[in-house]
Amino acid sequence: MKRKPTSSTLEAAASAYIGSRRGRRAIQPAPSAGRAAERVLKPLTRQFGIGVEQLREHWPEIVGKRLADWSTPKTVQRSGGISTLVIEARGPAGAILQAESRRILERIRTHSGDRAPTRLRIVQGQASRAADAPAASVKKLQSSSHTGETEATTPEARLLSALDRFSRAIHRRDEP
């Protein structure tokens, strides 16, 4: 049979000593940066309206997948009480966006609230898809001076060798 330890003044004193000498509490994790940013940005969005990055995020929903491939929102220009959304479009998409401008403005207003842009300005340009798809990398070819003309066994090496000889012949011809 086990004996139940008696609570003595010595044990109470030891417990009090340990309690007073304990280390610090564990450090709490840092607050969420997303929540902190939301607390700052939400009043600013109400005051100044929606930003271009938010429009870019939801651009396919606003104009449709077909036009989203051919256009992108660039900036929101504010002057006085009027805000204008500048859209860069490729090719004939500018004319289509201009024809659909009333519907686009309604959808932007539905998406972003009362402080949405009230006008559209469409700029024809190169609305690149650089953010969506990376550009194809071009392999830099070495000239035959680096590969050596004796190694002209692969088709690529033979082509480089021929191009190098051709460029030297042109330079010799142009020299006085």
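Which residues does Thr 84 touch, not counting residues up to four places away in sequence? Let me start there, and keep in mind that this is a predicted model.

So, Thr 84 touches Thr 75, Val 76 and Gln 77, and also Pro 117, Arg 119, Leu 120 and Arg 121, again leaving out residues up to four places away in sequence. Thr 84 itself sits in strand β2. Buried or exposed, then? Its relative accessibility is 13%, and the cut-off for buried is under 20%, so Thr 84 counts as buried. And β2 as a whole is mostly covered, with seven of its eight residues buried.

Okay, on to the partners of β2. On one hand we have β1, residues 71-79, which pairs with β2 in the antiparallel sense, over eight bridges. If you want to find one of those on screen, look at Gln 77: its bridge partner in β2 is our friend Thr 84. The two strands make a hairpin with two residues between them. Have a look at Gly 80 in that turn, where phi is positive, about 70 degrees.

On the other hand there's β3, residues 119-124. This strand and β2 run parallel, joined by six bridges. One pair to look up here is Ala 89 with its bridge partner in β3, Gln 124.

Now the core. How many residues does the largest nonpolar core have? The count is 19, and among those with the most contacts inside the core are Trp 59, Leu 85, Leu 97 and Ile 108. β2 supplies at least two residues of this core, and so does each of the helices α3, α4, α5, α6 and α7. Take Leu 97 as an example. Setting aside residues up to four places away in sequence, Leu 97 touches Val 63, Leu 67, Ser 71, Ile 87, Ala 89, Ile 104 and Ile 122.

Last stop, the second largest pocket. Its volume is about 190 Å³. Which elements give two or more residues to its lining? Those are α2, residues 33-48, and, once more, β2, residues 82-89. The lining includes Gln 47 and Phe 48, then Gly 80, Gly 81, Ile 82 and Ser 83, as well as Asp 114 and Arg 115. So Gly 80, the one with the positive phi in the hairpin turn, turns up again in the pocket lining. Sorted by class, the lining has three nonpolar, five polar and three charged residues.

To wrap up with β2: this strand pairs with β1, is joined to β3, and gives residues to both the core and the pocket lining.

Note on methods. Residues are numbered from 1 along each chain as its sequence is written. This is a predicted model: local features need pLDDT of at least 70, side-chain atom pairs count only at pLDDT 80 or more; totals for chains, interfaces and linings use all residues. Side-chain values use heavy atoms; hydrogens and water are left out. On a 1 Å grid over the protein atoms alone, a cavity is a set of points where a 1.4 Å probe fits but cannot get out, and a pocket is an open set with protein on both sides within 12 Å along at least five of seven lines; lining residues have an atom within 4 Å of a point. Grid points are joined across faces, edges and corners, and a volume is the space filled by probe spheres set on the points. Helices (H or I, at least four residues) and strands (E, at least two) are DSSP runs, numbered from the N terminus. Ala, Val, Leu, Ile, Met, Phe, Trp, Tyr, Cys and Pro count as nonpolar, Asp, Glu, Lys and Arg as charged, and the others, Gly among them, as polar. Buried means under 20% relative accessible area, exposed over 50%, partly exposed in between (1.4 Å probe, protein chains only). Two strands pair if DSSP finds at least two bridges between them. A nonpolar core is a set of buried Ala, Val, Leu, Ile, Met, Phe, Trp, Tyr and Cys residues joined through side-chain atoms within 4.5 Å. Contact means heavy atoms within 4.5 Å.
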